Amino acid sequence: MRVTVKLFAIARQRLGTSELLLELPSGATAGTALDALSLQAPADAGPLLARCALAVNREYVSRQSVLHDGDEVAVIPPVSGG
Amino acid sequence: MRSWIDLTGQALDLEKVLDFIARPGEPSVGGVNCFLGITRGETSTTGSSLLALDYESYAEMATAHMHRLAEQAGQRWRILRLALLHRVGRVAVGEPSIVIAVATPHRAEAFDACRWLIDTLKAEVPIWKREVWADGPGDWVEGNPVKTQT
């Protein structure tokens, strides 16, 4: 299956893109997507990605949340609104 | 509860917020509390001045989450009117980036709801800010990792 990954703020900057597509096996979880993303990322982005939360279709999810074809997975670095 | 929620690239119009929140014709309102978050001037270790903060958001999710926070506040406190507006884009030193205003029957609820809204927004809503210094772009402001159930 294929999911869209959206990256924001420092994660977008460190990975050099705001959006990419990931091809994942069926049964993949949000954590699987983050692991796949980490493999494509610069090695020093690992600690940052580990501190990011994940959202699927605009809802926060745990790493164990199962993905479906066409999902929008967002990588949410520590937030600093206000 | 009547609410006004917005994530906007425009300067926040505080008079409009006050008109909305303290409008006559709400006889049950006894207290209004308003919080403004303002870009604070800073001086760097190298002597440069902070000019502004650049705000970025995951707009669709941030807007939906702000609506959810308003609903949750409305379940916790008796709120008659609520305004929750956040700017994105460049916010110069001295300008507000956020305004939260709450009208309730009694003052304690207005203070409590306003405090809860700003604290929860800062912990959960996908918005980020980056420093803009007189001598060039700065760092992303160190944020709060969002806690999701594991």
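**Exercise 1. Count the helices and strands of chain B, then put the elements in order from the N terminus.**

Step 1. Chain B has three helices and eight strands. Keep in mind that you're looking at a predicted model.

Step 2. Now walk along the chain from the N terminus: the elements come as β-α-β-β-α-β-β-β-α-β-β.

**Exercise 2. Work out how the radius of gyration of chain B fits the globule rule.**

Step 1. For 150 residues, the globule rule gives 15 Å.

Step 2. The radius of gyration of chain B is 16 Å, which is close to that, so chain B is as compact as a globular protein of its length.

Step 3. Let's add some more numbers to the picture. The C-alpha trace of chain B spans about 55 × 40 × 25 Å along its principal axes. Of its 150 residues, 46% count as buried.

Step 4. Look at contacts in chain B with a separation of 6 or more: 75% of them come from residues 24 or more positions apart.

Step 5. As for the outside, the accessible surface of chain B is about 7800 Å², and carbon and sulfur atoms make up 48% of it.

**Exercise 3. Is B:Thr104 buried or exposed, and what does this residue touch?**

Step 1. Find the spot: B:Thr104 belongs to strand 6 of chain B, which covers residues 96–104.

Step 2. Check the accessibility. Buried means under 20% relative accessible area. B:Thr104 has 0%, so this residue counts as buried.

Step 3. List the contacts, skipping neighbours within four places in sequence. B:Thr104 touches B:Ser28, B:Val29, B:Gly30 and B:Gly31, then B:Arg78, B:Ile79 and B:Leu80, and finally B:Glu109 and B:Ala110.

Step 4. Zoom in on B:Ala110: its backbone nitrogen is 3.3 Å from a polar atom of the B:Thr104 side chain.

**Exercise 4. Do the same bookkeeping for chain A: elements, radius of gyration and surface.**

Step 1. Chain A holds three helices and five strands, and from the N terminus they run β-α-β-α-α-β-β-β.

Step 2. A compact globule with 82 residues would have a radius of gyration near 12 Å, and the 12 Å of chain A agrees with that.

Step 3. Its C-alpha trace spans about 35 × 30 × 20 Å along the principal axes, and 55% of the 82 residues count as buried.

Step 4. In chain A, residues 24 or more positions apart supply 50% of the contacts with a separation of 6 or more.

Step 5. The accessible surface of chain A is about 3600 Å², with 51% belonging to carbon and sulfur atoms.

**Exercise 5. Which strands of chain A stand at the edges of the sheet, and why is one side of each left without a neighbour?**

Step 1. Write down the order. The sheet in chain A is open, has five strands in the order 2-1-5-3-4, and its pairing is mixed.

Step 2. Read off the two ends: strand 2 (19–23) and strand 4 (59–61) of chain A each have a single partner strand, so one side of each has no neighbour in the sheet.

Step 3. Neighbouring strands here are turned by 35° against each other on average, ignoring direction.

Step 4. Pick one pair. Strands of a sheet pair through backbone hydrogen bonds, either parallel or antiparallel. Strand 1 (residues 2–7) and strand 5 (residues 72–76) of chain A go the parallel way, over four bridges. Within strand 5 of chain A, A:Glu72 is the bridge partner of A:Thr4.

Step 5. Finally, add a helix. Helix 2 of chain A (residues 30–40) packs on the sheet and touches strand 1, strand 2, strand 3 (53–56), strand 4 and strand 5 of chain A. The direction of helix 2 of chain A makes about 110° with that of strand 2 of chain A.

Note on methods:
Residues are numbered from 1 along each chain as its sequence is written. Chains are lettered from A and ligands numbered from 1 in the order in which they are written. This is a predicted model: local features need pLDDT of at least 70, side-chain atom pairs count only at pLDDT 80 or more; totals for chains, interfaces and linings use all residues. Side-chain values use heavy atoms; hydrogens and water are left out. Buried means under 20% relative accessible area, exposed over 50%, partly exposed in between (1.4 Å probe, protein chains only). A polar contact is a pair of N or O atoms within 3.5 Å; within protein, one must be able to donate a hydrogen and the other to accept it, and residues adjacent in sequence count only if both atoms are side-chain atoms. Contact means heavy atoms within 4.5 Å. Two strands pair if DSSP finds at least two bridges between them. Axes are lines fitted to C-alpha atoms, for helices over the stretch in contact, and angles run from 0 to 180 degrees between N-to-C directions. The radius of gyration is taken over C-alpha atoms; the globule rule is 2.2 Å times the number of residues to the power 0.38. Accessible areas come from the Shrake-Rupley method with a 1.4 Å probe; for residues, only the protein chains shown count as cover.
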